[in-house]
Amino acid sequence: MPVNPDLQGRTLPPTAPVVVTAERIAAFAAAVGASDPGIAPPTFAIVVQQAALDALLAEPDTGFEIRNVVHAEQRFAARRPVVAGDELTGTMTVTAVRTVGSNAMVSAETVIADASGETVTTATSTLLVGGES
Amino acid sequence: MRLDELAVGEVVAERDVHLTRASLVAYADASGDQNPIHQDEAVAKAVGLPGVIAHGMLTMGLAVQPVVDWLGALDPAESAETGPRILEYGVRFTRMVLVDADSGADVHIVAKVGAIDAEADTARIDLAVTSGDETVLGKAQVLVGRSAD
């Protein structure tokens with residue numbers, strides 16, 4: 001089943017808040033080899049994008065599943081660092097669906113905001129979705 | 001310090017990282033990315049991969065840590081609030097990092113000053129990230145400065 005081209009332009013509802021705890025920062029920091037377990041690594045916001053992506057994959061009409069997804073590009077623009085105590089929600093918009101042979105490139109922008117609604121980080125991602133094998 | 005005191009081409013950090021299958025499980029749990037292609041050989045092969053591969057985001061995440069440490073040590077007189085920080089970070093995932101069940105994988109990172117904007121007091125740090133002599137991240141660039149505005 002090919003990727004549904006109608007996904008382009010779709011904005012998903014905001015994710016449930018991701019509660020950032022010191023424990024969660026420390027686990028992520030350890031997993032990427034950070035030397036300070038108290039500082040959220042620059043890529044920590046991926047946990048929010050991940051939640052938004054899971055919500056996208058749960059849509060009934062995407063035409064693809066996680067096992068067929070390979071990450072092609074990722075970018076973060078940080079307004080401020082993530083800190084323990086943040087409650088972050090991600091609002092994902094599918095900005096482009098491009099078909100390349102039996103594959104598709106799906107681009108999305110996730111605006112990650114804190115509990116007051118201020119943007120903390122904007123995460124942009126391009127996924128390569130393989131044809132069913 | 002001002003970032004324009006740096007020299008383009010200057011190596012600011014370098015690091016070797018060894019990854020094992022356990023590293024991938026730890027990253028999956030910490031990040032929430034439980035895609036089985038990063039843990040299960042049979043699933044990886046079923047979707048046409050040569051074997052279990054590292055999460056691209058794990059490679060991206062570990063590749064920037066030498067820059068984090070360099071920034072933290074740049075000027076002891078500046079606090080984390082006033083000193084330069086990472087404003088933007090982007091990569092292309094150009095090649096998969098295969099993580100062998102027994103021997104794991106080695107990733108080598110070199111961080112160099114790629115460009116300086118004296119007016120904005122920002123610097124672009126370019127990361128060369130290789131595994132087994134092959135480049136695994138393309139256009140891996142870190143913008144450092146004091147403000148996103």
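Reader: Among contacts in chain A between residues at least 6 apart in sequence, what share join residues at least 24 apart?
Author: The share is 66%. A contact here means heavy atoms within 4.5 Å.

Reader: Where do the numbers and letters come from, and what kind of model is it?
Author: Residues are numbered from 1 along each chain as its sequence is written, and chains are lettered from A and ligands numbered from 1 in the order in which they are written. This is a predicted model in which local features need pLDDT of at least 70, side-chain atom pairs count only at pLDDT 80 or more, and totals for chains, interfaces and linings use all residues, while side-chain values use heavy atoms, with hydrogens and water left out.

Reader: What is the average pLDDT of chain A?
Author: The average is 93, and 97% of the residues score at least 70. pLDDT is the predictor's confidence in each residue, from 0 to 100.

Reader: Which elements of chain A have the lowest and highest mean pLDDT?
Author: Strand 2 (residues 69–78) of chain A has the lowest, 93, and helix 1 (residues 22–31) of chain A the highest, 98. Helices (H or I, at least four residues) and strands (E, at least two) are DSSP runs, numbered from the N terminus.

Reader: How many of each does chain A have, and in what pattern?
Author: Chain A has two helices and five strands, and along the sequence they run β-α-α-β-β-β-β. The radius of gyration of chain A is 15 Å, close to the 14 Å of the globule rule for 133 residues, so chain A is as compact as a globular protein of that length. That radius is taken over C-alpha atoms, and the rule is 2.2 Å times the number of residues to the power 0.38.

Reader: Changing topic: where is His55(B), and is it buried or exposed?
Author: His55(B) is in the loop between helix 2 (41–46) and helix 3 (56–63) of chain B. His55(B) counts as buried because its relative accessibility is 1%. Buried means under 20% relative accessible area, exposed over 50%, and partly exposed in between (1.4 Å probe, protein chains only).

Reader: What does His55(B) touch, leaving aside neighbours within four places in sequence?
Author: His55(B) is in contact with Leu24(B), Tyr27(B), Ala28(B), Asp33(B) and His38(B).

Reader: And what is the phi of Asp133(B)?
Author: Phi of Asp133(B) is near 70 degrees, a positive value in a residue other than glycine. Most residues other than glycine have a negative phi. Asp133(B) lies in the loop between strand 4 (122–131) and strand 5 (134–145) of chain B, and counts as exposed at 79% relative accessibility.
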